[in-house]
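User: Hi! I am new to protein structures and would like to learn how to read one. Could you walk me through it?

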Amino acid sequence: MKLNLKIWRQKGPSTPGNLVDYDIADVTPDMSFLEMLDVLNVGLVEKGETPIEFDHDCREGICGSCSLMINGNAHGPETGTATCQLHMRRFKENDTIVIEPWRAKAFPVLRDLMTDRTAFDRIIAAGGFISVNTGNAAEANSILVGKNIAESAMDAAACIGCGACVAACKNSSAMLFVSAKVSHLAQLPQGHPERSQRVRGMVTQMDHEGFGSCSNTGACEAACPKEITLENITRLNREMLRASLIS
Amino acid sequence: MLDSKIPSGPIENKWTERKFENKLVNPANRRKHTIIVVGSGLAGASAAASLAEQGYKVKVFTYHESPRRAHSIAAQGGINAAKNYQNDGDSVHRLFYDTIKGGDYRAREANVYRLAEVSVNIIDQCVAQGVPFAREYGGTLANRSFGGTQVSRTFYAKGQTGQQLLIGAYSSLMRQVGEKSIELFSRHEMLDLILSDGKARGIVTRNLVTGEITSHTGDAVVLASGGYSNVFFLSTNAKASNATAAWRAYKRGAYMANPCYTQIHPTCIPVSGDHQSKLTLMSESLRNDGRVWVPKKAGDDRAPAQIAENERDYYLERMYPAFGNLVPRDVASRASKRMCDEGLGVGSSKLAVYLDFQEAIERLGESKVKEKYANLFQMYEKITDENPYKTPMRIFPAVHYVMGGLWVDYNLMSNIPGLFVLGEANFSDHGANRLGASALMQGLADGYFVAPYSIGNYLGGEKLAPIKLEQDPVKATTQAVKEKIESFKKIKGNQSAETIHRRLGKIMWDYCGMSREESGLKEAISKIGALKEEFSNTLWVPQDDKCLSSEMEKAGRVSDFLELGELMCIDALERKESCGGHFREEMQTPDGETLRDDTHFSHVAAWEFNTEKPKLHKEALTFEYAHIAQRNYK
Amino acid sequence: MTSIKSLLKSSVGKKFLVGITGLGLSGFVLVHMSGNLLMFFGPEMYNTYGHKLVTNPLIYGAEVGLVLMFLVHMGLALSLTLANRSARPIAPSQLASSCEKSARFGSRYMALTGLLVLTFVVLHLITFKYGTYYPVTYNGVEMRDLHRLVIEIFKCPLYLIGYLFSMVVLFVHLAHGFSAVFQSLGLFSVRGCLIKKLGWAFALLVAGGFFIQPIYGYFYGGK
């Protein structure tokens with residue numbers, strides 16, 4: 001398979017970037033999208049050119065490192081799939097593929113397709129936890145959690161923090177990410193004592209990082225590789241109101 | 001002989017005894033101690049959070065963008081704990097025994113017992129953190145079974161247990177970052193260990209974004225930098241997983257123990273072509289309901305659905321009726337290899353066997369199977385484009401974990417005072433083969449419940465002189481790191497480190513993989529020597545190293561893998577017995593099982609770096625509580 | 001109190017107020033639309049309703065409230081929109097290629113449809129509230145003959161089309177806005193089928209109701 005790639009190249013956070021054309025042959029349908037980029041990079045090194053930088057690690061859709069805008073879609077055309085799980089069989093001979101980094105003020109580009117998503121860590125540090133020191137825990141089965149609640153919390157907790165929701169949102173809003181964490185912990189009894197501080201802290205930090213607000217477009221949900229749902233944003237709003245009005 | 005500092009007394013009391021003997025640091029004085037933690041996976045994050053909670057100043061370093069991206073996140077199946085919630089006869093003693101036996105009697109008894117002991121606390125801690133473990137309808141915790149055991153003691157959160165446990169540890173870590181008791185350095189890679197008066201006092205790091213080399217000093221260094229399976233290039237490890245932190249510590253004098261013990265996981269998605277960059281694991285939990293088979297006739301090219309029941313060989317059930325599909329990983333992997341060697345393999349490469357869910361779907365219904373394994377089935381389908389609900393999965397063994405690692409004593413301290421090694425980076429608990437769902441257990445046991453005590457004991461008992469950044473040895477070590485980077489730049493060749501890495505991986509897999517023998521290992525050593533030579537003549541790295549460059553990162557890691565690969569072969573050559581994941585062709589029972597040599601090899605082989613030839617130290621292994629025997633899963 | 005302050009400072013709280021005021025304004029347009037339908041009961045009924053409405057002393061309070069709601073709604077929506085713009089270094093439209101995974105249509109254009117509705121409201125007030133005063137007397141009471149004004153204005157096809165266009169815009173704004181309010185209030189998810197349908201139904205009802213009067217006016221006046 002032959003492809004034409006248009007890839008965003010940018011030397012550093014403060015230098016301007018642009019799309020550069022690359023032609024690549026010998027792409028096989030079984031290759032993953034990132035393996036296709038590996039092949040391109042090996043070729044670039046052989047020519048003495050600087051290879052393209054992109055974030056990736058586990059390559060099985062769980063670490064949340066990979067982050068590419070592929071033809072305008074966060075993580076590419078398939079639903080519920082991270083870039084690393086996208087395979088070239090989804091593309092056709094002579095396709096043109098545009099590859100860009102996540103775009104958000106809160107995610108500055110470090111180089112080429114790599115961005116800095118540490119804003120997410122700072123949001124977690126502002127409240128995305130249950131304060132329990134090591135050794136403080138009670139016997140596990142003394143806290144009963146209904147099967148459905150545990151599963152619903154697990155669905156929210158499945159977020160991999162990749163930032164596709166931010167990249168897909170026209171406002172670069174981090175609401176889906178924040179809501180997934182709030183939702184995970186607010187549903188569990190263990191998370192109740194701190195629920196008000198948690199949601200307030202996380203939302204304040206989210207605003208402070210320069211993410212936009214939610215316009216309820218649903219683009220985040222469509223882009224999410226773990227299919228985190230908009231219901232979580234509803235729950236976040238509810239938690240925030242509850243925290244402000246009741247407690 | 002190495003001193004493992006195991007406390008005296010009966011095994012049930014050893015840990016309690018040690019905790020009491022330990023020296024303590026007054027809470028007000030803890031602030032004055034800085035502890036450096038390298039790695040932010042389960043072991044690193046849990047240790048860092050626990051130490052910061054106690055009041056120490058902690059600095060955490062990770063080459064990842066965020067601690068949450070550490071490779072612990074990819075663990076799927078679960079975490080073991082001797083809770084006996086299923087009332088099926090489990091106990092601390094049974095978990096201890098299963099782990100020792102699973103490790104083919106090459107683990108240190110006292111460590112394993114402690115692991116089993118604290119396993120129950122881990123579950124409590126994780127539940128309190130909000131880890132959404134699977135539950136029964138009544139709200140209590142659910143369990144499933146895993147390989148090498150006959151009880152149900154594995155706790156799980158769908159097929160993403162590692163992710164959930166890591167997020168638990170990560171959130172505790174981030175809480176301390178928010179409280180300013182932990183300073184987090186992300187995208188920083190440790191490139192050397194700073195020793196002063198023979199004690200570990202700091203590290204040298206490269207900022208992966210700016211290329212800046214800096215040194216950081218403290219009173220103790222904790223390495224929780226994971227395993228080195230990527231020496232095989234193709235493994236289930238994440239792409240960036242590497243041996244560099246541990247290897248550079250080895251080069252500074254820390255002993256590397258049992259480097260040849262590698263675990264080959266039986267259920268991975270087979271290689272599809274030369275471009276393959278990594279392998280994907282299918283959780284061992286699938287063997288609870290999946291049945292492994294090959295056609296009875298060699299070269300049978302029919303689609304699996306057309307092969308009738310009586311033409312299939314469910315070989316694990318046939319060979320090991322007691323454990324069936326749930327034999328330990330090394331046993332299952334070798335059996336698959338044997339089938340493929342006999343020409344019974346399936347798929348286009350003939351290097352695969354079937355893992356079939358037909359029977360489970362008929363028994364439980366598709367929805368129940370979906371509930372248990374949906375994300376794994378989906379992952380399989382994405383990669384192979386085949387629907388495992390309709391057609392059996394094709395699986396083949398792949399390198400997954402290393403039991404070997406830096407040598408540590410009972411307190412998890414290496415032979416270098418002040419250097420603690422946790423998680424997969426150390427060698428201590430799994431012997432020659434690790435049981436499923438035990439890696440998560442060990443990482444968290446080390447981090448939450450062992451290291452915080454041991455480090456306090458070390459700091460409480462040592463008088464450490466102040467160490468200054470602008471003086472030797474800090475300056476000299478930093479200089480050495482810079483020189484190494486310069487040496488890569490001087491080569492100006494035309495091969496990427498990855499190209500060489502791929503070739504190293506092939507050598508390792510062919511000669512030091514699922515089975516090893518003397519002449520092959522010798523050949524591997526000479527081939528690696530030649531490859532090292534080639535590396536130092538043909539490597540390409542960018543001339544500008546003051547910026548983000550993954551080529552520069554890989555160059556350093558591959559140079560370490562080349563040296564480590566050689567040591568693995570040396571260790572495998574030295575160990576003239578078969579045990580667990582280390583299978584020497586020369587040493588096997590008539591039906592192809594591992595044959596240990598307890599008279600000559602009941603020891604830990606700990607290697608000391610030497611510019612000429614590594615020097616072997618031994619730690620004797622004695623078994624007082626687990627009755628030593630030939631493993632039998634029949 | 002501090003928690004409420006911090007709520008109102010946050011994007012979530014602002015969104016919440018935009019929603020609440022939006023809901024209030026939705027109530028207003030519903031009532032307004034119902035009033036318009038009185039036209040079918042003849043000029044007397046229509047004009048008397050208008051007269052009673054403007055002579056009621058409560059009207060001033062209601063008007064102030066309405067203006068406040070409008071200002072809060074617009075002001076906060078504007079501030080959120082500006083923050084959203086700055087959160088995005090490159091507008092989605094400037095990306096090299098367009099997004100295939102869909103976002104809901106109405107949601108993308110709330111600021112635009114909102115501005116168009118604002119323009120319409122200004123013009124609308126000029127034309128009607130502050131338009132020509134035709135007196136008429138029923139049962140000895142003199143009042144404004146709004147009925148006549150309506151017929152007169154909608155005779156002009158250009159005005160008719162402009163008005164109808166504005167109602168389509170209002171429809172788009174309401175169809176998304178109405179259901180999104182419940183999301184912002186944390187009550188229901190916009191993805192829930194029922195709430196989405198309810199949003200559409202409400203928008204259809206209001207915009208449809210507003211459609212009737214000018215069309216009636218156009219044909220009635222043509223007679």
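Analyst: Happy to help; we will go through a sheet, a hairpin, one whole chain and a contact between chains. Keep in mind that this is a predicted model.

User: Let's begin with the sheet. In which order do the strands of the open sheet in chain B lie?

Analyst: A general idea to start with: in a regular strand the side chains alternate between the two faces of the sheet. In chain B, five strands form an open sheet with antiparallel pairing, in the order S11-S15-S14-S12-S13. Strand S11 (262-268) and strand S13 (312-313) of chain B are the edge strands; each has a single partner strand, so one side of each has no neighbour in the sheet.

User: Which residue is the bridge partner of Trp293(B) in S14(B)?

Analyst: That partner is Tyr354(B). The two strands involved are S12 (residues 291-295) and S14 (residues 353-356) of chain B, which pair in the antiparallel sense over three bridges.

User: What lies across these strands?

Analyst: Helix H9 (residues 329-341) of chain B lies across S11, S12, S14 and strand S15 (393-402) of chain B. Helix H9 of chain B runs at about 65 degrees to S11(B).

User: Now the hairpin. How many residues join S18(B) to S19(B)?

Analyst: Six residues make that link, in a hairpin. Strand S18 (residues 603-608) and strand S19 (residues 615-620) of chain B pair over six bridges in the antiparallel sense. For one of the pairs, look at Ala605(B), whose bridge partner in S19(B) is Lys618(B).

User: How do I sum up a whole chain, say chain C?

Analyst: Begin with its secondary structure: chain C has nine helices and two strands. Along the sequence, the pattern of chain C is α-α-α-α-α-α-β-β-α-α-α. Then turn to burial: 30% of the 223 residues of chain C count as buried. Finally, take the contacts in chain C between residues at least 6 apart in sequence: 76% of them join residues at least 24 apart.

User: And how many residues do chain A and chain C bring to their contact?

Analyst: In general, the size of an interface is often given as the accessible area lost when the parts come together. Here we can count residues: chain A gives 45 and chain C gives 41. On the side of chain A that touches chain C, strand S5 (96-100), helix H6 (195-208), helix H7 (219-223) and helix H8 (231-245) each supply at least two residues. H8(A) gives the largest share, 10 residues. By type, this side of chain A divides into 17 nonpolar, 18 polar and 10 charged residues.

Key: Residues are numbered from 1 along each chain as its sequence is written. Chains are lettered from A and ligands numbered from 1 in the order in which they are written. This is a predicted model: local features need pLDDT of at least 70, side-chain atom pairs count only at pLDDT 80 or more; totals for chains, interfaces and linings use all residues. Two strands pair if DSSP finds at least two bridges between them. Helices (H or I, at least four residues) and strands (E, at least two) are DSSP runs, numbered from the N terminus. Two residues are in contact if their C-beta atoms, placed from the backbone, lie within 7 Å. Ala, Val, Leu, Ile, Met, Phe, Trp, Tyr, Cys and Pro count as nonpolar, Asp, Glu, Lys and Arg as charged, and the others, Gly among them, as polar. A residue is buried if 20 or more other C-beta atoms lie within 10 Å of its own, exposed if 12 or fewer, and partly exposed in between; C-beta atoms are placed from the backbone. Axes are lines fitted to C-alpha atoms, for helices over the stretch in contact, and angles run from 0 to 180 degrees between N-to-C directions.
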